[in-house]
Number of protein chains: 2
Amino acid sequence: MKNLAFVGLGAMGAPMAKSLLRAGFGLGVFDVREANTRPLTDAGATGAGSPAEAAENAEAIVLMVVNADQTEEALFGENGAAGALAPDAAVVVMSTVGPEPIRHLDGRLSEQGLRLLDAPVSGGVARAERGDLLIMAGGPEELFGTLRPVLGAMGSTVVHCGPAAGDGQSVKLVNQLLCGVHIAAAGEALAYAEALGLDPRSVHETIRHGAAGSFMLEDRGRRMLDREFLPPRSALDIFVKDMGLVREAAAERGFATPLSDAAHELYETGSSLGFGGEDDSGILRVFEEGMGPGKPTS
Amino acid sequence: MKNLAFVGLGAMGAPMAKSLLRAGFGLGVFDVREANTRPLTDAGATGAGSPAEAAENAEAIVLMVVNADQTEEALFGENGAAGALAPDAAVVVMSTVGPEPIRHLDGRLSEQGLRLLDAPVSGGVARAERGDLLIMAGGPEELFGTLRPVLGAMGSTVVHCGPAAGDGQSVKLVNQLLCGVHIAAAGEALAYAEALGLDPRSVHETIRHGAAGSFMLEDRGRRMLDREFLPPRSALDIFVKDMGLVREAAAERGFATPLSDAAHELYETGSSLGFGGEDDSGILRVFEEGMGPGKPTS
């Protein structure tokens, strides 16, 4: 596999596409914001005016757009990629869209002789830049094997989660459930410490290495203490979307997710307070400003 | 400081008292269950028939009973320790009782010329046995200094959280907030994985080192996967109590804790399903059995 297309060159997509260039793949790139293609064409990619144009001659197309609607549009919209790809080409959906839209896409793509692998990622921009992402893939074993070098260029941990397209999404949702709850819990805990009259920084230092510890208490907890909400390293609105996907997939199974529900409502409140485009660690301010009957009294 | 009293020789108290014996302290011990004193007297402690008897000749008394009522009873009940201690003796409350009962105790004890340090612990039985607990102390700096060798015999990390009796409790509540939410989140996530048709063990393996990681996902997550709910290493009912204390202290400050509320209700449901005396990792079964409109369909 030598020639690829890449659609969606946002904060995560751009460094992922660069990793593919570094690994020696030929790359046609498209983004709805034309300015986003520039850093990639400077690095050796071929700019395209549409997903279809990017997909010409590509053996596989990687999609890293915002959501299921944009994925659908890039594939089947006007000048969509699906019509331009060679039969038997691979479509790799790396956005977090949930398992249901993937199953739907899988049906449509297989009708056109195209093969779908879903492969959402975890790790954030810094790890994307180092080609150090966790990639959770779902789809036939053979297709996974074919695409492994492509995924391996972007991620240091590439896991085949199951044989069905959508299995990667399901694992990603479990991941997001924990991430979303843990970030909100860090916010609740640090704002609570302040409300109890404690110094949140000392409390964080005391408890972070023990049973209360989490990746998020360490990572987002530090940004909360430093109040580093801008520029966003991961926008709060991503969790409005992802916790919504977690709850949707749960509801389809009749499975109750009370912690995810509570966390989702907190992210929604944060977004409605105007924090959606800022860092998700800004959820702290929902506890400080938006939630209680009054400001903490201490 | 050479002679101490110790009241409350349960799963945590017994190994803590043994650590004091190992460190060379003289120890008078009492427990409402007489059989609990035996392993300690075998190890060199002096058994007592009441808290008052244990407290005779003691320069400090350590209390590791279940809750605030038992603490009050051990100090001020019939044959309570407060009347037997020498003036200026120290009272060290190591149970998790919340900051409010400590402030109340502090008033009563200082009227009798006794000094109070609150010093709740985190770490569980295994770390208690190694003298490896995290101890969060609140009280005057000088008293903390005097008691440091006592605390240092039981804990490897001994933190002075603030000058007021109760400050240790407040930090402990922040710790318990995170622990309680993280355990419940691990249960929600692993049961959700199963409901989505995934293998929870593979999912755990895939995500545990990344952004979703927590001490509890590792520790309790593994017990959930192995379904090791008996014997309890930390009983679920402890979180019924502790998340209740978290919420009480929050309510006093008009501070909202939606995640703790959701977690507390899950522990209460677990207890009402009969899992209260089993390991807290059994919260998993609340998601599997107690919560959803129906069993997972996958």
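**Exercise 1. What does L20(A) touch, leaving out residues up to four places away in sequence?**

Start with the contacts. Outside its own stretch of sequence, L20(A) touches L4(A), F6(A), F25(A), L27(A), V62(A), V150(A), A153(A) and M154(A). Keep in mind that you're looking at a predicted model.

Next, place the residue: L20(A) sits in helix 1 of chain A.

Then check its cover. The relative accessible area of L20(A) is 0%, and buried means under 20%, so L20(A) is buried.

For a sense of distance, take A164(A): 144 residues separate L20(A) from A164(A) in sequence, and their C-alpha atoms are 25 Å apart.

**Exercise 2. Work out how many residues of helix 1 are buried in chain A, then do chain B.**

Chain A comes up first. Helix 1 there covers residues 13–22, and 8 of the 10 are buried, so the helix is largely enclosed by the rest of the structure. Here's the list: G13(A), A14(A), P15(A), M16(A), A17(A), S19(A), L20(A) and L21(A).

Now chain B. Its helix 1 (residues 13–22) is mostly covered as well, with 8 of 10 residues buried. These are G13(B), A14(B), P15(B), M16(B), A17(B), S19(B), L20(B) and L21(B).

Last, look just past the helix. In chain A, helix 1 is followed by G24(A), which has a positive phi near 95 degrees. In chain B, helix 1 is followed by G24(B), with a positive phi near 100 degrees.

**Exercise 3. Is S50(B) buried or exposed, and what does its side chain reach?**

Find it first: S50(B) is in the loop of chain B that runs between strand 3 (46–47) and helix 3 (51–55).

Now apply the cut-off. S50(B) has 10% relative accessibility, and buried means under 20%, so S50(B) counts as buried.

Then follow the side chain, which reaches the backbone nitrogen of E53(B) at 3.0 Å. Setting aside residues up to four places away in sequence, S50(B) touches F30(B) and N79(B).

**Exercise 4. How many residues does each chain bring to the contact, and which helix of chain B gives the largest share of its side?**

Count the residues: chain B brings 62 and chain A brings 60.

Move on to area. About 5100 Å² is buried between chain B and chain A, with carbon and sulfur atoms giving 73% of that.

Check the polar side of things. There are 0 salt bridges between the two chains, while 11 residue pairs are in polar contact across the interface, both partners at pLDDT 80 or more.

Now go through the elements of chain B. At least two residues of the side touching chain A come from each of strand 8 (133–138), helix 8 (167–195), helix 9 (200–207), helix 10 (215–226), helix 11 (236–252), helix 12 (258–275) and helix 13 (284–291). Helix 8 of chain B has the largest share, 20 residues.

Sort that side by residue class and you get 42 nonpolar, 16 polar and 4 charged.

**Exercise 5. What rotation superposes chain B on chain A, and why do the copies meet through the same surface?**

Take the rotation: 180 degrees, with 0.0 Å of shift along the axis, puts chain B on chain A at an RMSD of 0.0 Å. That's how a two-fold axis relates its copies.

Then find the residue of chain B closest to the rotation axis. That's S214(B), whose C-alpha is 1.9 Å away.

Finish with the surfaces. Of the interface residues of chain B, 97% are interface residues in chain A too, so the copies meet through the same surface.

Notes. Residues numbered from 1 in each chain as written. Chains lettered and ligands numbered in written order. Predicted model: local features only at pLDDT ≥ 70, side-chain atom pairs only at ≥ 80, totals over all residues. Heavy atoms only, no water. Helix = DSSP H or I, 4+ residues; strand = E, 2+ residues; numbered from the N terminus. Buried < 20%, exposed > 50% of the residue type's maximum accessible area, 1.4 Å probe, protein only. Polar contact = N/O pair within 3.5 Å; in protein donor to acceptor, adjacent residues only side chain to side chain. Contact = heavy atoms within 4.5 Å. Buried area = accessible area lost by both parts, 1.4 Å probe. Salt bridge = Lys/Arg side-chain N within 4 Å of Asp/Glu carboxyl O. Nonpolar A, V, L, I, M, F, W, Y, C, P; charged D, E, K, R; others polar. Least-squares fit on C-alpha atoms with pLDDT ≥ 70 in both.
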